[in-house]
Amino acid sequence: MASLQHSPAIKDAKVLMVGAGGIGCELLKTLALSGFQDIHIIDMDTIEVSNLNRQFLFRQSHVGQSKAKVARDAVLKFRPHISITPYHANVKDPSFNVDFFKQFNVVLNGLDNLDARRHVNRLCLAADVPLVESGTTGFLGQVTVHVKGKTECYECQPKPAPKSYPVCTITSTPSKFVHCIVWAKDLLFAKLFGDKNQDNDLNVRSGDVASSSEHADDAFEQRKDEDVEHYRRRIYDHVFAHNIEVALSNEETWKNRNKPRPIYSKDVLSDKLSQQNGTVDGSSATDNLPSLSAMTSLGLKNPQDVWNLMENSRVFLEALKLFLVNRKKEVGNLTFDKDDQLAVEFVTAAANIRAASFGIPLHSLFEAKGIAGNIVHAVATTNAIVAGLIVIEAIKVLEKNTDAYRMTYCLEHPSRKMLLMPVEPFEPNKSCYVCFKTPLTLEINTRRSKLRDFVEKIVKAKLGMSYPLIMVGHALLYEFGDDLDEDMVKNYSANLEKVLSELPSPVMGGTILQVEDLQQEFTCNISVKHREEFDEEKEPDEMVLSGLTEAPSMAKDDNHSIGNGGSTSNALSADITEAKTDVEVEEISDGTEYIHSGKKRKLPEVSQATKDVSDDETRNHKNVEKLDDEDDDIVMLDHPDVDNQKKQRLQ
């Protein structure tokens, strides 16, 4: 450590950290103890209670305060003579532009989302500043190095799209518990506590079933003079019984499926039990409940217990009552938050009741929260290991030790007697539209699609641009920014509502669109191909963008699990029987890497003991896990269901 602290490359370096969470806290501490003197931190988050089990620079008294600022103060207590500059802000703010990034010798990422990672990657490329990326999930982790012109950029390899489920499956024919969670969170919770005017598939009506006054109007509207007790029972019966009755009326749907059963509140709870729900002596438990929790109110203590149907029904009714009585001012503006205990209880109970109706195994609140919040629980030691690896790679970058750069993967179980697997970085991908400026192709109906569709679904959603500028030749079609005058804003707003072929400079088949992001100093060209028809199911946006780095397809193996709950002993690339064996890997859609005939990464020299792996064991090591999401936030591809599958999509 002493020798490191006297290294000019470290002592004179100006370092930018992005993220002060689980990895960020460990990283800031390690940087300070390694002799770095000038550190800048950007983080937009404030400290939450759930952070305290792993973000060790924070204490209970810091809850609600800026992560970046509190982390700085904590480290300065044991390294008072170094300079740490915190920014409580979003890294995508215009003030953090290319000129801002140019002042740093290296950028270190500890982010938890794909959008911000792509943004930082482009700023680093434009500023020609090396980037060290990182991510953890549970026991798994990775650190990757991205140096312009020498290694692949962050976007050279494909990043999978978020997992989505067909609406018809969610609303009509769920077969997995995750379908019930999505229904409870995105439909029921949103309808009851979010914008009540939104249109979703919960207001089911049928000519024969819904003719009664009970279902003639909006079932989710609390009627005049209707008390909470009656309203919550009516909601229960509507979503878990009436809607199921309507679904059963379509006999064709259930020819090859098990029929669900309607669940009425009177069949699960007696009137007396329902009226005393959440009480001990008949008085309202909401009168003196310090923290709004249906579990606490009902005396349910262990979140890992699987509640039976009656318990789930009581939690559902009690949570609904607590929202309507104690959080009435919030109703109408709420969105689901995994850190909102009452919201998690409501969604868990609702999902379990629906699961019971469709014959799907019930789950505990702990499991349901993990699915609803897309959580893989963080491990503090993994964050510490990854932070150490980041600093090691940062030192190599600062000392310009290019040959020593490594992409390092943390494994949950030893493989060839190693828990850390380093591999050489890829060279830049010549097909990358970001660092190699490879043109893209867009198939679109130019006579039907509007410029707004192109901006929202392609430029922002797929290309990740925040401040786009769109041109055809020298003609400017659209620009976004705070410095535009009123006439320009009106002109661009009018263009947004025009179909592409009717713009002042028409966009038709053969047109080349130049799209720029002024903040990222990023430009790409898109060749437009007019196309009349699209597959409504496979191409609902009626736009197909080609030329992005595509993930190769791989047959799904439902028996193979990785990450949370699964073994990672087979999470390595294959067939290493001698030193410097070439390992061919490529990222696939779920974030893993697998063997194929393409680019090669070389493993470093390994000891003879490592070489002496049996052939059987070697053949079992097929995939290198590629992780991107730090801390608890990660998108799950498959969730625990009947087979307890726990595959994860790692951004």
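Is E229 buried, partly exposed or exposed, and what is its relative accessible area? In this predicted model, E229 is partly exposed, with a relative accessible area of 27%, and the first close-up below returns to this residue and its salt-bridge partner R232.

**Figure 1. A salt bridge within helix α10 joins R232 and E229.** The two side chains meet at 2.6 Å, N to O, and both residues belong to helix α10, which covers residues 228-248. They stand three residues apart, which is about one turn of the helix. R232 counts as buried at 0% relative accessibility, whereas E229 is partly exposed at 27%.

**Figure 2. Two further salt bridges are shown, E252 with K255 and R531 with E539.** The structure holds 23 salt bridges, and in one of these the side chains of E252 and K255 meet at 3.2 Å, N to O. E252 counts as exposed, at 54% relative accessibility, and K255 is likewise exposed, with a relative accessible area of 60%. In the other pair, the side chains of R531 and E539 come together at 2.8 Å, N to O, and R531 counts as partly exposed, at 22% relative accessibility. Elsewhere in the structure, salt bridges that share partners link E229, R232 and K321 into one network.

**Figure 3. D517 is a buried residue of strand β12.** Strand β12 runs over residues 512-517, and D517 within it has a relative accessible area of 1%, which is under the 20% limit for a buried residue. Its side chain takes part in polar contacts with backbone nitrogens: a polar atom of the D517 side chain lies 2.6 Å from the backbone nitrogen of S466, and the side chain of D517 also reaches the backbone nitrogen of Q519 at 3.0 Å. When residues up to four places away in sequence are not counted, D517 touches M465, S466, Y467, P468 and F522. The C-alpha atoms of D517 and G464 are separated by 9.2 Å, although these two residues are 53 residues apart along the chain.

**Figure 4. Helix α4 is mostly covered.** Seven of the 10 residues of this helix, which comprises residues 67-76, are buried, and these are K67, A68, V70, A71, A74, V75 and L76. The elements that cover them include helix α3 (22-33) together with strands β2 (38-42) and β3 (83-87). The N-terminal end of α4 is capped by S66, a side-chain oxygen of which lies 3.4 Å from the backbone nitrogen of A68.

**Figure 5. H62 sits in the loop between β2 and α4.** At 19% relative accessibility H62 counts as buried, because the limit for that class is under 20% relative accessible area. Leaving aside its neighbours within four places in sequence, H62 is in contact with I47, L57 and V70, and V70 is itself one of the buried residues of α4.

**Figure 6. Helix α19 has its buried residues along one face.** The helix spans residues 486-496, and its buried residues are Y492, N495 and L496. Seen down the axis of α19, these residues fall within an arc of 105 degrees, so they line one face of the helix. They pack against helix α18 (451-460) and strand β11 (475-479), while the face turned away from the buried side carries the exposed residues E486, D487 and K490. At the start of α19, a side-chain oxygen of D485 reaches to within 3.2 Å of the backbone nitrogen of D487.

**Figure 7. I385, L419 and L420 form a nonpolar patch on the surface.** Together these three residues have about 240 Å² of accessible area. I385 is located in helix α17, which covers residues 380-398, and is partly exposed, with a relative accessible area of 41%.

**Figure 8. The whole protein gives the setting for the close-ups, with 21 helices and 19 strands.** Of its 651 residues, 54% count as buried, and the protein exposes about 28800 Å², of which carbon and sulfur atoms supply 47%. Among contacts with a separation of 6 or more, 68% are accounted for by residues 24 or more positions apart.

Terms used:
Residues are numbered from 1 along each chain as its sequence is written. This is a predicted model: local features need pLDDT of at least 70, side-chain atom pairs count only at pLDDT 80 or more; totals for chains, interfaces and linings use all residues. Side-chain values use heavy atoms; hydrogens and water are left out. Patches are made of residues with over 30% relative accessible area and no salt bridge: like charges are joined within 9 Å, nonpolar side chains (Val, Leu, Ile, Met, Phe, Trp, Tyr) within 5 Å. Accessible areas come from the Shrake-Rupley method with a 1.4 Å probe; for residues, only the protein chains shown count as cover. A salt bridge is a side-chain nitrogen of Lys or Arg within 4 Å of a carboxyl oxygen of Asp or Glu. Helices (H or I, at least four residues) and strands (E, at least two) are DSSP runs, numbered from the N terminus. Buried means under 20% relative accessible area, exposed over 50%, partly exposed in between (1.4 Å probe, protein chains only). The arc is that of the directions from the helix axis to the C-beta atoms. Contact means heavy atoms within 4.5 Å. A polar contact is a pair of N or O atoms within 3.5 Å; within protein, one must be able to donate a hydrogen and the other to accept it, and residues adjacent in sequence count only if both atoms are side-chain atoms.
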